[in-house]
Amino acid sequence: MRYVPTDLSRDFPFAAEPAFDVITSISGIMCFGNTAQFIGRCAARLAPGGLLVVSNDNCLTVRDRLSYLFTGRVRRFRLLFEPDEGNHQLVQHQELKRLFDVHGVELKRVLYTAFYLEDLLYVPLAALLWPWQWLRLRRLRSSTPHAHRAELFGFRSLLHRHYVFVGEKRAE
């Protein structure tokens, strides 16, 4: 086993290396200038059957939706970005799922993490919102199977502050 830390949002410093079995990005995609290019480069470096594990802030929580409604901002994203600011790209999980699909990475699992005691305040609002969201997802025309829709937008998605995607590169 080998571990090679690198910034895959830039050119690969190890183009001659063999493909990887696992590539991870922990809360990094919001700091890259081009998430689509990053996911494409990761997928290109994965061996068939290799795993791509990506985590990021979940900006679709009830907390963030209320914050956007009242202040115009979600999570740590400011209303106006400074030129040297690192966190500037808001990546919603439905966009990340689309990028996985485009680059031949099949989404296998969606996990939600980071639930805090203070988030209990939002449970009643989530309980009101979730049935409407669920009904909309059931009726929506999409190539995304219903099982993945339930993972992407389940009740936990309204309360947990981070998500983790686990995808597997399809055989070529």
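## A tour of helix pairs and a cavity

Begin with α2 and α4, which are roughly perpendicular to each other because angles of 65 to 115 degrees count as such. Select helix α2 (residues 62-71) and α4: their axes are 10 Å apart and pack at an angle of about 95°. Axes here are lines fitted to C-alpha atoms, for helices over the stretch in contact, with angles running from 0 to 180 degrees between N-to-C directions. Helices (H or I, at least four residues) and strands (E, at least two) are DSSP runs, numbered from the N terminus.

Before going on, note that this is a predicted model, in which local features need pLDDT of at least 70, side-chain atom pairs count only at pLDDT 80 or more, and totals for chains, interfaces and linings use all residues. Residues are numbered from 1 along each chain as its sequence is written, and side-chain values use heavy atoms, leaving out hydrogens and water.

Next, visit the pair α1 and α3. Select residues 35-45 for helix α1 and residues 93-102 for helix α3; their axes come within 9 Å and cross at roughly 40°. The two helices are therefore oblique to each other. Their crossing is right-handed (the near helix is turned clockwise from the far one by less than a right angle). Show T35, A36 and I39 of α1 with L96, L99 and F100 of α3, which make the contact (heavy atoms within 4.5 Å). By class, this contact has five nonpolar, one polar and no charged residues. Ala, Val, Leu, Ile, Met, Phe, Trp, Tyr, Cys and Pro count as nonpolar, Asp, Glu, Lys and Arg as charged, and the others, Gly among them, as polar.

Now move to the loop between β3 (105-113) and α4 (123-139), and pick A114 there. Phi of A114 is near 65°, a positive value in a residue other than glycine.

For the last stop, select T61, V62, R63, D119, Y122, L158, L159 and R161, which line the largest cavity (lining residues have an atom within 4 Å of a point on a 1 Å grid over the protein atoms alone, and a cavity is a set of points where a 1.4 Å probe fits but cannot get out). Four nonpolar, one polar and three charged residues make up this lining.

Note on methods:
Parallel < 35°, antiparallel > 145°, perpendicular 65-115°, else oblique. 1 Å grid on protein atoms, 1.4 Å probe; cavity = no way out; pocket = protein on both sides within 12 Å on 5 of 7 lines; lining within 4 Å.
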